[in-house]
Amino acid sequence: QMFKGFQKLKDVQYVYTPFDSSLCGVKLEANNKKQYLLTGQILSDGKVLIHLCNYIEPWDDLSLSQKRSLNQRYQMGCGCKVS
């Protein structure tokens, strides 16, 4: 699910990153068992780009407070749509 960015992009099917870590590329586990919190950029062509300078964290590694904040608290006083 996406917490921000709906005004630019309704659905994300692919996330792009440079080829390897020397170019700031990110390696993620590509199975359906691991979920991530990803931050990145939506490029003018609609591609979502992530790299090592973005905040990227396995969802299970987030604290309960962080998860609750993303799902509830961060939307307060925010012009974004949180779902």
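Here are some short exercises with worked solutions on this predicted model.

**Exercise 1. Work out the fold pattern.**
Find how many helices and strands the protein has, and in which order they come.

*Solution.* Start by counting: there is one helix, and there are five strands. Next, walk along the sequence and jot down each element as you meet it. You get β-β-β-β-β-α.

**Exercise 2. Look at the protein as a whole.**
What share of the residues is buried, and how much of the accessible surface belongs to carbon and sulfur atoms?

*Solution.* First, burial: of the 83 residues, 20% are buried. Then the surface: the accessible area comes to about 6500 Å², and carbon and sulfur atoms hold 51% of that. One more step takes you to the contacts. Take those between residues at least 6 apart in sequence; 46% of them join residues at least 24 apart.

**Exercise 3. Place Leu-38.**
Is Leu-38 buried, partly exposed or exposed, and which surface patch does it belong to?

*Solution.* Begin with the location: Leu-38 sits in strand E2, which covers residues 36-38. Its relative accessible area is 31%. Buried means under 20% and exposed means over 50%, so Leu-38, at 31%, is partly exposed. Now for its partners: Leu-38 joins Val-12, Val-15 and Leu-28 in a nonpolar surface patch, and together they have about 250 Å² of accessible area.

**Exercise 4. Explore around Leu-52.**
Which residues does Leu-52 touch, leaving out those up to four places away in sequence?

*Solution.* Find Leu-52 in the loop between strand E4 (48-49) and strand E5 (56-58). Its relative accessible area is 48%, so Leu-52 counts as partly exposed. Now list the contacts: Ser-21, Cys-24, Gly-25 and Val-26. For a distance check, try Gly-40: it is 12 residues from Leu-52 in sequence, and their C-alpha atoms are 9.7 Å apart.

**Exercise 5. Hunt for charges and rings.**
How many salt bridges are there, and which lysines lie over the face of a ring?

*Solution.* Salt bridges first: the count is one. Glu-29 and Lys-34 make it with their side chains, at 3.2 Å from N to O. Check how open each partner is. Glu-29 is partly exposed at 42% relative accessibility, and Lys-34 is partly exposed at 32%.

Now the rings. Lys-27 lies over the face of Phe-19, 6.0 Å from the ring centre. Lys-47 does the same over Tyr-16, at 4.8 Å from the ring centre. Finally, look for rings that pair with each other: the search of the whole structure turns up zero aromatic pairs.

Key:
Residues numbered from 1 in each chain as written. Predicted model: local features only at pLDDT ≥ 70, side-chain atom pairs only at ≥ 80, totals over all residues. Heavy atoms only, no water. Helix = DSSP H or I, 4+ residues; strand = E, 2+ residues; numbered from the N terminus. Buried < 20%, exposed > 50% of the residue type's maximum accessible area, 1.4 Å probe, protein only. Contact = heavy atoms within 4.5 Å. Areas by Shrake-Rupley, 256 points an atom, 1.4 Å probe, with all protein chains shown as cover. Patch = residues over 30% accessible without salt bridge, like charges linked within 9 Å, V, L, I, M, F, W, Y side chains within 5 Å. Salt bridge = Lys/Arg side-chain N within 4 Å of Asp/Glu carboxyl O. Phe/Tyr/Trp six-rings, centres within 6.5 Å; stacked < 30°, edge-to-face > 60°. Lys NZ or Arg CZ within 6 Å of the ring centre and 35° of its normal.
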